[in-house]
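Visitor: Please show the model, then take questions on it in order.

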Amino acid sequence: MVIRVEQKEGVSWRNTGAGAEDQEAGLRLCFSVKAAVIGPVVSWRRDPKNEPMTEKESEQKQERKVVLVFSGVCTRWFPVLQPGCFYRLIAANTQDPSVLIGCGVSGRSGVDLHAESTLQVRRGWRFHTLTRPLLLPTCRQAVPPTVLSVSEVLDCSSELVCFQGVVSERISVNNRTAHSGHTHSGVRLTLCDQAGRSLQVYLDLSHTPYPPGLLPGNTLLLSGFQRRLSRTGSVYCTYLPVSSITVVSLGDTSSAQPPPPAPIMHLGEWALSSKQRCTVGQVKGHVVCFLFLQLQWSCSLCGSVYTQGCSSSQCHSTSSVFQSKAKLVIDDGTGEAHVWFSAALVRALLGLADGQWEGLQRALRVRGHIRVFPRGQSQVCDGDADDFLLHFLLCLCSSDVMIRPLNLTCRKRTNQRPEEVRRFTRGDREFLTRLAPPLQLTCLHLHPD
């Protein structure tokens with residue numbers, strides 16, 4: 001039979017009962033698809049695959065709906081089925097048309113049920129995409145879902161959105177529950193569009209397998225995500241059971257058009273702007289001082305400090321990744337900002353060659369991590385004062401090589417601190433004043449001098 005997919009839910013772990021194909025009850029990957037059946041069930045002597053629709057397949061008195069349930073190995077069809085597209089569902093090695101007729105929901109007499117019939121997809125069934133199903137006049141055109149841009153999601157008022165954007169950043173997030181003590185893994189994605197505006201998307205992967213393709217530079221289509229507002233008024237999106245993610249295109253292709261340059265922003269004006277229209281901008285300023293530098297080998301699974309093994313007693317991982325963070329103060333004449341650097345941008349900021357950066361990672365293997373707080377002239381650290389690695393990093397952060405002009409492309413952080421009230425004493429007088437917090441930025445790109 002021919003179907004038109006109308007809605008697709010995301011893949012998640014669900015408790016299911018024993019199936020007809022020797023499937024035991026338990027936790028299994030599942031997802032469901034709501035589709036419209038175009039015509040009746042047709043018997044074929046051979047597999048028609050993706051041949052054009054026939055008149056017999058399009059004969060219908062009334063369009064009916066069906067919910068296709070996929071579980072176990074059948075979830076491999078998730079990236080194939082897309083809303084608004086037509087497919088031919090084939091049940092091979094049978095001439096019984098009733099296998100493709102879903103079961104309805106039984107109810108009491110006198111009660112009208114409006115629930116769609118349900119059809120459990122079996123392991124041997126196949127789906128063929130129909131690229132030209134609209135040659136017949138009896139086949140109605142499907143209304144594709146409205147795909148918004150990141151800017152349109154930020155400006156709209158809809159609660160459930162479908163949008164497309166380019167991944168600019170991916171960060172793993174671990175949330176520990178206070179009552180159970182279990183750690184729920186998740187991912188925070190930052191998506192941007194051609195206008196330079198960005199949006200943060202939070203994925204809770206505690207009951208969902210990790211979606212492939214969540215890499216910076218890739219273009220994603222996110223369907224059925226919930227648009228929400230934070231306490232500070234910032235817009236972000238969260239993953240729902242009906243949400244789905246599709247990789248539209250891969251990044252770093254030679255034919256891809258480069259995005260337009262970010263607008264040049266003055267720190268003083270940017271700090272006073274409360275709108276989300278300018279979340280990414282280009283900043284030219286001078287480094288005032290280093291505030292923070294951290295280098296660490298982290299466990300690939302739980303994120304704990306990794307030395308000869310994972311420091312967590314509940315984790316037995318044997319793999320680790322090197323992570324680096326830095327924070328400094330930059331001034332452009334109109335105001336100051338605290339800028340965060342991470343990953344490869346820290347190496348470029350410190351001015352280290354590839355061989356020096358690799359040697360620094362090897363020297364840190366035994367101890368696992370190191371933190372340095374130069375803070376201008378009062379240099380402090382959290383380790384042994386006689387450590388040569390600490391002395392090297394302290395001297396490097398306070399050298400003239402670091403205190404230099406920088407040209408950065410930054411994103412404005414959404415978790416800006418509120419105003420702070422401080423008390424100052426001058427002689428026998430006390431003063432209370434409100435101090436605006438410094439502008440918090442995340443460096444996306446460090447331009448060469």
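Guide: A residue is called buried under 20% relative accessible area, exposed over 50%, and partly exposed in between (1.4 Å probe, protein chains only). This is a predicted model, in which local features need pLDDT of at least 70 and side-chain atom pairs count only at pLDDT 80 or more, while totals for chains, interfaces and linings use all residues. Residues are numbered from 1 along each chain as its sequence is written, and side-chain values use heavy atoms, with hydrogens and water left out.

Visitor: Is Ala343 buried, exposed or partly exposed?

Guide: Ala343 sits in the loop between strand 16 and helix 4, and its phi is positive, near 55°, although the residue is not glycine. Helices (H or I, at least four residues) and strands (E, at least two) are DSSP runs numbered from the N terminus. The relative accessibility of Ala343 is 47%, so the residue counts as partly exposed.

Visitor: How does Asn93 count by its relative accessibility, buried or exposed?

Guide: Asn93 is in the loop between strand 5 (86-90) and strand 6 (117-120). Its phi is positive, about 60°, and Asn93 is not a glycine. With a relative accessibility of 82%, Asn93 counts as exposed.

Visitor: In which strand is confidence highest?

Guide: Confidence is given as pLDDT, the predictor's value for each residue, from 0 to 100. The protein chain has a mean pLDDT of 81, with 82% of its residues at 70 or more. The lowest mean, 50, belongs to strand 18 (residues 380-381), and the highest, 93, to strand 16.

Visitor: How many contacts beyond four places in sequence does the model have for residues 135-139?

Guide: A contact requires heavy atoms within 4.5 Å. Over residues 135-139 the pLDDT stays under 50, and the number of such contacts is 11.

Visitor: How many residues does the largest nonpolar core have?

Guide: A nonpolar core is a set of buried Ala, Val, Leu, Ile, Met, Phe, Trp, Tyr and Cys residues joined through side-chain atoms within 4.5 Å. In the largest one, the residues with the most contacts inside the core are Leu295, Val339, Phe341, Leu408 and Leu441, and the size is 44 residues. Strand 14 gives the largest share of this core, seven residues. Apart from this core of 44 residues lies another, which includes Val37 and Val66 and has 24 residues; the size asked for is 44.

Visitor: How many bridges join strand 14 to strand 15?

Guide: Two strands pair if DSSP finds at least two bridges between them. Strand 15 pairs with strand 16 in the antiparallel sense over seven bridges, and one of the bridge partners there is Ala337, opposite Ile330. Strand 14 and strand 15 also run antiparallel, and Ser298 has Val321 of strand 15 as its bridge partner. The number of bridges that join strand 14 to strand 15 is 12.

Visitor: Which residue takes a positive phi in the hairpin of strand 15 and strand 16?

Guide: This hairpin has four residues between the strands. The phi in question is near 95°, and the residue is Gly333.

Visitor: Within what arc do the buried residues of helix 5 fall?

Guide: The buried residues of helix 5 (residues 354-363) are Trp357, Leu360 and Gln361. Seen down the helix axis they line one face, because they fall within an arc of 100°. The arc is taken over the directions from the helix axis to the C-beta atoms. Their cover includes strand 14, strand 15, helix 4 and helix 6, and the arc itself is 100°.

Visitor: Which exposed residues does helix 6 carry on the face turned away from its buried side?

Guide: In helix 6, the buried residues are Leu389, Leu390, Leu393, Leu394, Leu396 and Cys397. They fall within an arc of 165°, so they line one face of the helix. The face turned away from them carries Phe388 and Cys395.

Visitor: How far is the sulfur of Cys443 from the closest cysteine sulfur?

Guide: A disulfide is a pair of cysteine sulfur atoms within 2.5 Å, and the count by this rule is zero. For Cys397, which is in no disulfide, the nearest cysteine sulfur is that of Cys395, 9.5 Å away. Cys443 is buried, at 4% relative accessibility. Its closest cysteine sulfur is in Cys410, too far for a bond, at 4.9 Å.
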